[in-house]
Amino acid sequence: MKNTTLMRYSLIGLTALTVLFSCKKDKDEDALKPPAERILGKWNLVKESEKTYEYNTGAFKDSTGRNIPVGIFTLEFRTNGMVYEAVKDDDEIQRDTLPYELVSESLLRIDGLDYNITKFTNTELRTTGYYDDGTSDVEHLLEFKK
C-alpha cells in the first residue's frame, strides 16, 4: 500500500512538472517578436478582397474577395531592405525584387506604396491599401500567413 501511494504521488508530480514546463515553452514560442524581426521571412498571400465606394458620397458600392492557395503569391522580406516577390501563373513563376520599409508597426511601404497594417503577429499579416480605379474609391485588403 505504501509503495502504491508513493508511486501515485510520483506520477502526479511528474505530470505536474510536464504540464508546467510545456506551458512555459508555448508562451516563449508565442511571444511577439519585435516588428523588424517579425516581418522577416516568407509570407504567403492567402486572401485578397476589395471594397468599392462612390466617389462623391463615399457610400459602399460592392465588395469582392477570394482565397488564394498557399504558394501562388509569396513575399519574402529580407534584412537588406528588399522584398522578393514570386507569383506562380500556371507553370511559370514571375519574380520581382522591390525595396521595402517597415515605417511603423502600422505602416508598411513597398516600392513607395503605403499599406496600412491592420493585424501583425508572428504568423499573420493583414494590410489595407487604397486606390482610385477610375470609377470608384477602392479599399484593397490583403491577408498573408507565414
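# A guided tour of a predicted β-strand model

Of the 146 residues in this chain, 25% count as buried. The model is a predicted one. Display the whole chain as a cartoon to begin. It contains 2 helices and 9 strands. Followed from the N terminus, the elements run α-α-β-β-β-β-β-β-β-β-β. Among the contacts in the chain with a separation of 6 or more, 42% are made by residues 24 or more positions apart.

## Stop 1: strand β1 and its partners

Select residues 41-53, which form β1. Which strands pair with β1? Strand β2 (residues 60-67) is joined to β1 by 7 bridges, and the two run antiparallel. Strand β9 is also antiparallel to β1, with 9 bridges between them. A further antiparallel pairing, over 4 bridges, links β1 and β3.

Individual residues make these pairings visible. Show W43 and find L75 of β3 standing opposite. Next, show N44, which has K145 of β9 opposite. Then move to E48, whose bridge partner in β2 is R66.

Follow the chain from β1 into β2. The hairpin of these strands has 6 residues between them, and G58 there takes a positive phi near 75°.

Return to β1 and select S49, which is found in this strand. Is S49 buried or exposed? The relative accessible area of S49 is 17%, and buried means under 20%, so S49 counts as buried. Leaving aside neighbours within four places in sequence, display the residues in contact with S49: T64, G65, E139, H140 and L141.

## Stop 2: two hairpins in succession

Select β5 (92-104), β6 (107-110) and β7 (113-120) together. Strands β5 and β6 run antiparallel and are joined by 4 bridges. The hairpin between β5 and β6 passes through 2 residues. Within this pairing, L102 stands opposite L108 in β6.

Continue from β6 to β7, which are also antiparallel and joined by 4 bridges. Show I110, which stands opposite L113 in β7. This hairpin has 2 residues between its strands, and D111 takes a positive phi near 50°.

## Stop 3: the largest nonpolar core

In soluble globular proteins, nonpolar side chains tend to be buried together. Here the largest nonpolar core has 17 residues. To find its best-connected members, show the side chains of L75, F77, V83, Y100, I110, L125 and F144, which have the most contacts inside the core. Colour β1, β3, β5, β6, β7 and β9, each of which supplies at least two residues of this core. Which strand gives the most to this core? That strand is β3, with 3 residues.

Now centre the view on L75. Apart from residues up to four places away in sequence, L75 touches G41, K42, W43, V83, Y84, E85, I110 and F144. Two of these residues have appeared earlier in the tour: W43 stands opposite L75, and I110 stands opposite L113.

## Stop 4: the largest pocket

Rolling a probe the size of a water molecule over the atoms shows where empty space is left. In this model, the largest pocket holds about 340 Å³ of space. Select F73, L75, E85, Y115 and L142, the closest to the centre of this pocket among its 21 lining residues.

Which strands contribute to the lining? Strands β1, β3, β4 (82-89), β6, β7, β8 (124-132) and β9 each supply at least two residues. Colour the lining by class to find 15 nonpolar, 2 polar and 4 charged residues. L75 is listed both among the core residues with the most contacts and among the residues closest to the centre of this pocket.

## Stop 5: the second largest pocket

The tour ends at the second largest pocket, with a volume of about 170 Å³. Of its 15 lining residues, select K42, T74, E85, A86 and R95, which lie nearest the centre. E85 also belongs to the group closest to the centre of the largest pocket.

Strands β3, β4 and β5 each supply at least two residues of the lining of the second largest pocket. The largest share comes from β4, with 5 residues. What classes of residue make up this lining? It divides into 5 nonpolar, 3 polar and 7 charged residues.

Terms used: Residues numbered from 1 in each chain as written. Predicted model: local features only at pLDDT ≥ 70, side-chain atom pairs only at ≥ 80, totals over all residues. Heavy atoms only, no water. Core = buried A, V, L, I, M, F, W, Y, C linked by side-chain atoms within 4.5 Å. Buried < 20%, exposed > 50% of the residue type's maximum accessible area, 1.4 Å probe, protein only. Contact = heavy atoms within 4.5 Å. 1 Å grid on protein atoms, 1.4 Å probe; cavity = no way out; pocket = protein on both sides within 12 Å on 5 of 7 lines; lining within 4 Å. Points joined across faces, edges and corners; volume = space filled by probe spheres on them. Nonpolar A, V, L, I, M, F, W, Y, C, P; charged D, E, K, R; others polar. Pairing = 2+ DSSP bridges.
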